[in-house]
Amino acid sequence: MSVCKRYNAVATRRRIIAGDEPPWLAKHPRRSYVRQAYLALPYWQSRDELRWLDWCRRAWSAATGIEHVIDHVIPINHPAVCGLTVVANLALLTRDANAAKGGKWAPDQTEMVF
């Protein structure tokens, strides 16, 4: 399951913003990342566009036989920046390419997006 599908629950995002984190989140081993993932998806981003991108990810994986993932070009969990989960900041990569990239970011990466 991709970040686009996993962390797009509007009600959970509202609870986190209000300071009322769900009990399961307080116990989550990657609490900080999961919290940021919910907050990085703005209310105005079309969920249909994200579903389309996830459909493309699944289709590319099936067509090539290589697992593809949806990558944040500007990472959502980085000390210097916080990229949003918006279509302009997402790219389809193979799982290996995404793992090699990790959470790295350089200021000139924004040229790829904007």
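Leaving aside neighbours within four places in sequence, valine 87 is in contact with Gln45, Glu49 and Leu50, where contact means heavy atoms within 4.5 Å. The model is a predicted one, in which local features need pLDDT of at least 70 and side-chain atom pairs count only at pLDDT 80 or more, while totals for chains, interfaces and linings use all residues. Residues are numbered from 1 along each chain as its sequence is written, and side-chain values use heavy atoms, with hydrogens and water left out.

Valine 87 makes a friendly starting point for a tour. This residue lies in the loop between strand E1 (68-72) and strand E2 (90-94); helices (H or I, at least four residues) and strands (E, at least two) are DSSP runs, numbered from the N terminus. From valine 87 to glutamine 45 the sequence separation is 42 residues, and the C-alpha atoms of the two are 8.0 Å apart in space. With a relative accessible area of 34%, valine 87 is partly exposed, a class that falls between buried (under 20% relative accessible area) and exposed (over 50%), with a 1.4 Å probe and protein chains only.

Charged side chains come next. The structure holds seven salt bridges, each being a side-chain nitrogen of Lys or Arg within 4 Å of a carboxyl oxygen of Asp or Glu. One of the seven joins glutamate 21 to arginine 31, at 2.8 Å from N to O. This pair links distant parts of the chain, ten residues apart: glutamate 21 is in the loop between helix H2 (10-17) and helix H3 (23-27), and arginine 31 is in helix H4 (residues 31-39). Glutamate 21 also forms a salt bridge with arginine 35, where the closest N and O atoms are 2.6 Å apart. Because glutamate 21 lies in the loop between H2 and H3 and arginine 35 in helix H4, this second pair ties together parts that are 14 residues apart in sequence. Both arginines are partly exposed, arginine 31 with a relative accessible area of 34% and arginine 35 at 29%.

Another salt bridge brings together the side chains of aspartate 48 and arginine 51, at 2.5 Å from N to O. These two residues are three apart in helix H5 (residues 47-64), so about one helical turn separates them. Arginine 51 counts as partly exposed, at 45% relative accessibility. Where salt bridges share partners, they join Glu21, Arg31 and Arg35 into one network.

Aromatic rings add a further layer to the picture. A search of the whole structure finds two aromatic pairs, counted when ring centres of Phe, Tyr and Trp (its six-membered ring) lie within 6.5 Å, with planes under 30 degrees apart taken as stacked, over 60 as edge-to-face and the rest as tilted. The rings of tryptophan 52 and tryptophan 55 are stacked, because their centres are 5.0 Å apart and their planes at 10°. The two tryptophans are three residues apart in helix H5, so they are separated by about one helical turn. Tryptophan 52 is exposed, with a relative accessible area of 54%, whereas tryptophan 55 is partly exposed at 45%.

Tryptophan 44, found in the loop between H4 and H5, is exposed, with a relative accessible area of 53%.
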